[in-house]
Amino acid sequence: KSRAIVAIDGPAGAGKSTVARMLAKRLGYLYIDTGAMYRALTLKALERKIDLEDEGAVTGLAEETEILLVPQDGTEIRVYCDGRDVTSAIREPEVSRQVSRVAKVPGVRARMVELQRRMAERGGIVMDGRDIGSYVLPGADYKFFLTASLEERTRRRWQELRDRGIHTDFEQLKKEMAARDAMDSRRPVAPLIKAPGALEIDTSNLEPEEVVEIILKHMEEGR
Ligand code: C5P
């Protein structure tokens, strides 16, 4: 199938964005990082010192915020929030710590999902997140659910932060990752779950290239 829709979900640090990016490049598709959208809104809410428990205020903020994902050369995307480039700011640990509180607000999800569905309309996309195959694009042509042990996922995130000059305590980071997964999995609206029909891939002992090959093979077989 040409110009297909590929959904990739899973917990934090399972390798979704690396794999989705590489896969999009191989297929000549657009990569859409939905987590970046929730992160951008969270950054704005934190800067505005909005009470994250105030669902009305957070929903109002979502409705008046313009979030843009702009593909660059290759497979990089830059994230803009109200015209400001927030690509690196949204990766700060404080955003990671708070994002699930913003993402669980139903009004926030309604707005983001609407944008995500619009971006997927023409197909030829690889979209990653938590609820893409289960809720945002249930009719996706291909669905994958990436997992890895908490230890391995923490190791990856720790290294990623370190590469950016951010030194964190491993055990503390592990706790934060587990807390975020728990919150994403337990929220009432569109929680993190493996969509029916999704192929689960444990990436704990795989390189990103190997995961991409498994996905491509599965896609070829399903054609
Ligand atoms: O993918 P990433 O780790 O950047 O996602 C950040 C957070 O955004 C997740 O922990 C989750 O709370 C939220 N999210 C979501 N639904 C998505 C993608 C991300 O709720 N489709």
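Buried here means under 20% relative accessible area, with exposed over 50% and partly exposed in between, using a 1.4 Å probe and protein chains only. By that yardstick, buried residues make up 49% of the 223 residues in the protein chain. This is a predicted model, where local features need pLDDT of at least 70, side-chain atom pairs count only at pLDDT 80 or more, and totals for chains, interfaces and linings use all residues. Residues are numbered from 1 along each chain as its sequence is written, and side-chain values use heavy atoms, with hydrogens and water left out.

**View 1. The whole chain has nine helices and eight strands.** Helices (H or I, at least four residues) and strands (E, at least two) are DSSP runs, numbered from the N terminus. The radius of gyration, taken over C-alpha atoms, is 17 Å. The globule rule (2.2 Å times the number of residues to the power 0.38) gives 17 Å for 223 residues, so the chain is as compact as a globular protein of that length. Along its principal axes, the C-alpha trace spans about 50 × 40 × 35 Å. Contact means heavy atoms within 4.5 Å; of the contacts with a separation of 6 or more, 73% join residues 24 or more positions apart. The chain exposes about 10,800 Å² (Shrake-Rupley method, 1.4 Å probe; for residues, only the protein chains shown count as cover), and carbon and sulfur atoms supply 49% of that area.

**View 2. The ligand sits among 16 surrounding residues.** A residue makes the list if one of its heavy atoms lies within 4 Å of the ligand. The closest are R39, R109, D131, D184 and R187. By class, the shell has four nonpolar, four polar and eight charged residues. For that tally, Ala, Val, Leu, Ile, Met, Phe, Trp, Tyr, Cys and Pro count as nonpolar, Asp, Glu, Lys and Arg as charged, and the others, Gly among them, as polar.

**View 3. Arginine side chains meet ligand oxygens at R130, R180 and R187.** These are polar contacts, meaning pairs of N or O atoms within 3.5 Å. A polar side-chain atom of R130 lies 3.0 Å from a ligand oxygen. For R180 the distance is 2.8 Å, and for R187 it is 2.8 Å. On its own the ligand has 460 Å² of accessible area, and the protein covers 96% of it. The elements giving two or more residues to the shell are α2 (34-47), α4 (93-103) and α8 (170-186). Of the elements, α2 gives the most, with four residues.

**View 4. Helix α4 is largely enclosed by the rest of the structure, because eight of its 11 residues are buried.** Those buried residues are P93, V95, S96, Q98, V99, S100, V102 and A103. They pack against α2, α3 (55-63), α5 (106-120), α7 (150-163) and α8. Zoom in on S96, a residue of α4, and you find it buried at 17% relative accessible area. Leaving out residues up to four places away in sequence, S96 touches R39, R91 and R180.

**View 5. Two loop residues, D82 and A190, have a positive phi.** Most residues other than glycine have a negative phi. D82 lies in the loop between β4 (77-81) and β5 (84-85), with phi near 50°. At 39% relative accessibility, D82 counts as partly exposed. A190 is in the loop between α8 and β8 (199-202), and its phi is near 45°. A190 is buried, with a relative accessible area of 10%.

Notes:
Polar contact = N/O pair within 3.5 Å; in protein donor to acceptor, adjacent residues only side chain to side chain.
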